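Subject: Structure for you to look through

Hello,

I am passing on the structure that we talked about, and below it you will find my notes on what turned up in it. Please read them with the model open beside you.

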Amino acid sequence: MNIFVRLIERAQQRGSLLKKLFGVCLGGIVCVGLTLPPEAGHLPGDHLPLFWSCFGLLGCLGLAGVCKWIAGMFLERDTDYYDH
Amino acid sequence: MTPSLLLQGIGYPVLSVLVCLPLAGAGLALFVRSAPAVRWLAVAVTLLTLGASLPLYSSFDRTLPGFQFVEHRAWLPAAQFDYIVGVDGISVVLVLLTTLLMPLCVLCSWREVQERVQEFVVVLLLLEAALIGVFVSLNIVLFYLFWEGMLIPLYLLIALWGGPARNYASVKFFLYTFAGSIFLLFALLMLYVAAGSCSMPELLQQPLSYELQMLVFICCTVAFAVKTPLYPLHTWLPAAHVEAPTAGSVILAGILLKMGGYGFLRFCLGFAPAATREAAPVMMVCALAAILIGGLLALGQQDLKRLVAYSSVAHMGFVVLGIFLLSSRGMQASVLQMINHGISTGALFICIGMLYERTHSRLLADNSALGALMPRFVTLLTLCAFSSFGFPGTNGFIGEFLIIVAAFEKKWILGAGAVPGVLIAAAYMLRALQKIIWADRSPHHHPRETPPRMFSDIGLREVGILLVLVFFIILIGLQPSVVLDLTRASVESLANRVAGAGR
Amino acid sequence: MTTELLVSHPSIPFVVGALLMWFVRTVRLRQAVLVAVPLVALMQLSHLPDTAGTFTYLGLALQPLRVDSLSFLFLHVFCIMALIGFVYSLHVLNPGTHGAALLYVAGSLGVTLSGDYVTLFVFWELMAVASTFLIWLQPTRTARDAGLRYFLVHSAGGLALLCGIILRYLETGDLAVVQVVPATAGLADYLIMAGFMLNAAVPPLHAWLADAYPEATITGAVFLCAFTTKTAVYALCRVFPGFDVLAVWGACMALYGVCYAIVENNSRRILSYHIISQVGYMVCGIGIGTDLGVSGACAHAYAHIIYKALLFMGVGCVLEMTGRQKLTELGGLYRSMPWALVFTVIGGISISGFPLTSGFVSKSMVTAAAAEAHCSGILLLLMLASVGTFLSVGIKLPYCIWFREPVEKAPLQTRQAPWNMYLAMAIAGFFCFFIGCSPDWLYRLLPRHAAYHPYTASHVSETLQLLGFTGLGFYLLARKLAPHDTLQLDLDWVYRRAAAVLQHWCRARAQQYDEKLGELYATRGLHHFMGVARRCATYDIERIDRFVDGIAQQVAGCGERIRNFHNGKIQHYIGAAMMLLFLVLGIIVYF
């Protein structure tokens, strides 16, 4: 128990180091992705290098944005909505 | 004697014994003054009647469609008033249901009825005799005699030992039923005039003209539709059920309503088959209306007895639907459903009676959070409620399932119309169960300021009564052939009769 | 044959266990029973016969035990899941919860083993009732109401299934549970499919899941998440593989669940929507119908049961220790419950499909099947759902519960969670990695042979790219994705509003109408009847009575006058007598 807590607290103290580590990981993923030959295209644009990285990033931003917007516009209600 | 009748050698005239035993018991009760003694006498007489009816089950020939255990004595030949009694597959199960439920009625009224116990026992035993008499009579005059004979004891039962609005309920019950009986009398008179005989087996042999059949059908339908009760002639039932004492409610729901179904099968289908075929669509529509509207009315109830009363309307709607599908499967299913309804609704009324003895209220709001206080009761109540809405494994499921299958066979829209009734039944039963078992812990609910309740859970007598009924719920649910075997031959011959009747 | 059935059917130990819960009073003994029962079932699995014959009941041919590779896979994972679930709930003292869970698993195993529709239906209903009690045993009003809705929805689904079974029996006379060819499917088959789809929580029949699962007991939810939906997936897999409509629907379902999960606040509700999403993958694979698709669906079901249970267990741990499940009320818990964090993160990366976890080897089979079948649209939806899954449950859920600073400044009151919860989570976590690291162990069990190798360099690279940049996206959007304490309307709005209206109408209008109908006899009938009676009485008194009284009075008057004749004078008597004699003689002569 204590190992994890200490690890996490140490990581939280070194926030910038974490970000750099994350950046390095992403960079490594990008490099590997560029060097490997892409698989046969199943989606349009599949053959482009780093397609899946863009898909991940844009998909995440798009999905989160659209869902939040729809929920905010149409779906959100008070928690005791059904009690009336 | 015609070949359709069969006298079996049991050794004693079992049906006469079944009718006379309660009568004798009622007579004997007139001399017993002390309340405990007369209660034990009632138990003894009803158990004796039950014992005397067991040979009906064991010695019944399941392959013969005709009447069995027949006794024939000429009383007034000039007035065509013979004493003929007998049972076929349809009536034997109803007689057995009656003899089963009566001892339970006596036992469940042990603590509930404290005033005029002697009169109560007399009325109850007279009622039993009349009920058995209705199911076993094979002479239409005798039938009418017993039919009317059951009115007064039941009126007294509601009027003397009932709830606050008992006068209103008993008078309403009496007026409705009596008005229907007038129509029945008219129909019976017409039958006699046209066929010249009062004996049911002989009437069944004689074909009647179509116009006469239609007239007989309409009159009989009015009478039996009031009894069943079929929508829209059902409105006497909630009042009567709510105000009657527990024994009265059990008899009303368990046995009396079956007289309507029995009447449809014996009179409308038996004596007027061609007219029945013509009028069947109308009756099926009324039945579907009863199923759906009865269910919807039950959904809005706060009074437990009214809820079960409206559920009875819905269940008997299933029975009438099964009868007027005019197929062998549908009719067998409806007879089975009659037995099931008698057992499960009788059990529910007994449970409500037990609740009322403790909480003195029938409202759902006053009977909540009992799960922790009365675990045995709540378990048995749950089983009975599951049987009522037809959960698989219980008897109710088999009956409703077979009726829905028969309805789908006839026309898929009939089946589709009946299925929501099952769902509505689940909804109101579960809602009631949920409120009874668990407390309503929410910020919006303010429980009444009452001192903490200490109820005793149900004791040996009450557990015993419910266990008997639960036993049958599970037995019929897993092995419905115990009932279906008895009814098969008679129902098939009736179905053939209706199918073959010319216009 | 019956003894063979009783000995070999894995549901029997569970039913016996449920009965024992009723009778056994000591806690230790109950706990021993809870652990022993799934172990007994696992032992039975190694000796299962292919079939235990057919029975006849009510003229129908029933086959309660039928095993092949498809059902064996599901039986396997159900028994393992039962063991994990019971270890997780060892600390619960209420025997009712244990009894309900045991019956629930028994029902699920019974459905998986049934060879005919009647047995299937019986066990289907058993599952519905037992699972309802897992919700009802939570002592809050919202749980009671949710449980009632849950049962009614499942009853409706069961009725649809029953109608389909009846129609199928009437049309074909056959009750065996066999595959239906899409070209020959009729109304009966679609009704049966609808019944299965409701249990699988396929939209629009899905709202019950997100409504009921967050309200269940902590240990009950762990069972609920595993059995109802996956049993339905098994049923769909058995009967309806290759239906194109399922492929499209499944893909939409995968995205639908994820979209709701992104905006939800209640942690168990988020996980419930993820069930819908992941079952979407399975339904999609079944719909594609190729060997790879069906195998992928089965593998995904296997893996999903375990990692979803792990997620529910982790979040349940938080609920047990803090009493809260809303993200807005939680935060900064890494200090007090780091192990729950670890296990939830394991579950999170499994569901997202990180390499070396079970999700990677199973979910990718379904996407590969979609790619192989050249369904670009479906593939797009599935990959987008993967993005959303990682975003929502891989990153957002652990972040909000464990890392983010809590909204309230006061530290949360936490209790210590019992050791058995951690043990259960450890077992599930082990399986997540074990399946991920040696996928052949799972692939061996799959019903159809499909050559698939998940660990190719390009596949690993693709997955890491996808997930890594999703993480980047979260980092950029972290503030926008903060949870709000709101309710999100779903399709249950339709029937909840309808039910409220119906309830109000039944209570108010229907009752009034019926009362008016009931009083017709008094207002119309009796009223007129009494009027006629009064008129008759009046006629009786005024006319008839008076007439009769009048005659009586006249007669009395006559008598009075005749009396006055007697004046004592004999000549008057003789005169009267003579006149009478002449009158009589005259009449005789005349006639």
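Nine cavities of 30 Å³ or more are present in the structure, a cavity being a set of points on a 1 Å grid over the protein atoms alone where a 1.4 Å probe fits but cannot get out. Grid points are joined across faces, edges and corners, and a volume is the space filled by probe spheres set on the points. Rolling a probe the size of a water molecule over the atoms shows where empty space is left. The largest cavity holds about 180 Å³ of space, and 16 residues line it, with Gly390(B), Pro392(B), Phe397(B), Val422(B) and Leu159(C) being the closest to its centre; lining residues have an atom within 4 Å of a point.

This is a predicted model, in which local features need pLDDT of at least 70, side-chain atom pairs count only at pLDDT 80 or more, and totals for chains, interfaces and linings use all residues. Residues are numbered from 1 along each chain as its sequence is written, chains are lettered from A and ligands numbered from 1 in the order in which they are written, and side-chain values use heavy atoms, with hydrogens and water left out.

Which elements give two or more residues to the lining of the largest cavity? They are α16 (395-410) and α17 (412-437) of chain B, together with α6 (117-136) and α7 (141-172) of chain C. Helices (H or I, at least four residues) and strands (E, at least two) are DSSP runs, numbered from the N terminus. The lining divides into 11 nonpolar residues, three polar and two charged, where Ala, Val, Leu, Ile, Met, Phe, Trp, Tyr, Cys and Pro count as nonpolar, Asp, Glu, Lys and Arg as charged, and the others, Gly among them, as polar.

Helix α17 of chain B also contains Arg431(B), which counts as buried because its relative accessibility is 7% (buried means under 20% relative accessible area, exposed over 50%, partly exposed in between, with a 1.4 Å probe and protein chains only). Leaving aside neighbours within four places in sequence, Arg431(B) is in contact (heavy atoms within 4.5 Å) with residues including Leu299(B), Leu148(C), Gln503(C) and Arg507(C). Arg431(B) and Leu299(B) are 132 residues apart along the chain, and their C-alpha atoms are separated by 8.6 Å.

Another residue to look at is Ser181(B), in helix α7 (residues 166-195) of chain B. Ser181(B) is buried, with a relative accessible area of 1%, and, apart from neighbours within four places in sequence, it is in contact with Tyr144(B), Trp147(B) and Glu148(B).

As for the chains as wholes, chain B has 19 helices and three strands, while chain C has 21 helices and three strands. The radius of gyration of chain C is 39 Å, well over the 25 Å that the globule rule gives for 591 residues, so chain C is more spread out than a compact globule; the radius is taken over C-alpha atoms, and the rule is 2.2 Å times the number of residues to the power 0.38. Chain B, with 503 residues, has 22 Å, which agrees with the value near 23 Å for a compact globule. Buried residues make up 66% of chain B and 59% of chain C.

Best wishes

Note on methods
1 Å grid on protein atoms, 1.4 Å probe; cavity = no way out; pocket = protein on both sides within 12 Å on 5 of 7 lines; lining within 4 Å.
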